[in-house]
Amino acid sequence: RIPMADARQAESALVDAGLRLAATRPWADIRMTDIAAEAGMSLADVAGIIGGKADILRLYGRQLDAKMLRSLDDEPVTGTPHDRVFDIIMRRFELMDGDKAAVRSIAKAPVSSAAGFMTLAGSLLQSQDWILSAAGIEDNGMRGALKTSGLAWVYVRTLRTWADDDD
């Protein structure tokens, strides 16, 4: 077993490698062997850490969620529920600013497998749950699922616009 600190370092190295590659070429053209080489790992080592490219994006999303939530410790959001959600989402986009070229490449790529789609969908919904929780408007049951799904739809549409905007 890999110690927790080493596993997190390895995950971060894979995320960083994937983003570096995606910033320079289409995500759809990047293979796991490319990411492993960029991270300085063997493919076998990578397979022991993640299941594929979708896991890299899931880990990136988790890193963004943690940074976004930490930012609220220093600068809490205020205002109406709508204002709080908007401010939190804008923080998340600000955190992605340095990775914009990579995010643009990734957003344009088709999901290559059903398992990858499920991983990304789950990660997206989990991030929206964190946003709603941070805004103080989380909910349970069908109502919560509808809020999360609705916010995910808005987030994806906004992400695509943001990724294509160079201003």
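**Exercise 1. Which residues in helix 5 meet which residues in helix 8?** Keep in mind that you are working on a predicted model.

*Solution.* Start with the helix 5 side: V85, I89, R92, F93 and M96 make the meeting. Next, turn to helix 8, where their partners are L151, Y155, T158, L159 and W162. Sorted by class, the contact of helix 5 with helix 8 has eight nonpolar, one polar and one charged residues.

**Exercise 2. Work out how the axes of helix 5 and helix 8 are arranged.**

*Solution.* First locate the two elements: helix 5 covers residues 81-96 and helix 8 covers residues 141-164. Their axes come within 12 Å and cross at roughly 40°. Now apply the cut-offs: an angle under 35 degrees would count as roughly parallel, and 65 to 115 as roughly perpendicular. Helix 5 and helix 8 are therefore oblique to each other. To finish, add the hand of the crossing, which is right-handed.

**Exercise 3. Describe helix 7, from its span to its buried residues.**

*Solution.* Begin with the span. Helix 7 has 21 residues and reaches 30 Å from its first C-alpha to its last, close to the 30 Å expected at 1.5 Å a residue. Then look for buried positions along helix 7: these are G116, S123, S127, Q128, I131 and L132. Here a general point about helices helps: with 3.6 residues a turn, residues three or four places apart point the same way. What covers the buried residues of helix 7 includes helix 4 (53-74), helix 5 and helix 8. Just past the end of helix 7, G136 takes a positive phi of about 80°.

**Exercise 4. Is Q128 buried or exposed, and what is Q128 in contact with?**

*Solution.* Place the residue first: Q128 lies in helix 7, residues 114-134. Its relative accessible area is 0%, so Q128 is buried. Now set aside the neighbours within four places in sequence; Q128 is then in contact with T148, L151, A152 and Y155. Two of these names should be familiar, since L151 and Y155 of helix 8 also meet helix 5.

**Exercise 5. Find how helix 4 and helix 7 are oriented, and what classes of residue make their contact.**

*Solution.* Take the geometry first: the axes of helix 4 and helix 7 come within 9 Å and cross at roughly 5°. That angle makes helix 4 roughly parallel to helix 7. Next come the contact residues, among them D55, R58, R62 and D65 of helix 4 and S123, S127, W130 and I131 of helix 7. Finally, the residues of this contact divide into nine nonpolar, six polar and four charged.

Conventions:
Residues are numbered from 1 along each chain as its sequence is written. This is a predicted model: local features need pLDDT of at least 70, side-chain atom pairs count only at pLDDT 80 or more; totals for chains, interfaces and linings use all residues. Side-chain values use heavy atoms; hydrogens and water are left out. Helices (H or I, at least four residues) and strands (E, at least two) are DSSP runs, numbered from the N terminus. Buried means under 20% relative accessible area, exposed over 50%, partly exposed in between (1.4 Å probe, protein chains only). Contact means heavy atoms within 4.5 Å. Axes are lines fitted to C-alpha atoms, for helices over the stretch in contact, and angles run from 0 to 180 degrees between N-to-C directions. Angles under 35 degrees count as roughly parallel, over 145 as roughly antiparallel, 65 to 115 as roughly perpendicular and the rest as oblique. A crossing is left-handed if the near helix is turned anticlockwise from the far one by less than a right angle, and right-handed if clockwise. Ala, Val, Leu, Ile, Met, Phe, Trp, Tyr, Cys and Pro count as nonpolar, Asp, Glu, Lys and Arg as charged, and the others, Gly among them, as polar. The expected span of a helix is 1.5 Å times one less than its number of residues.
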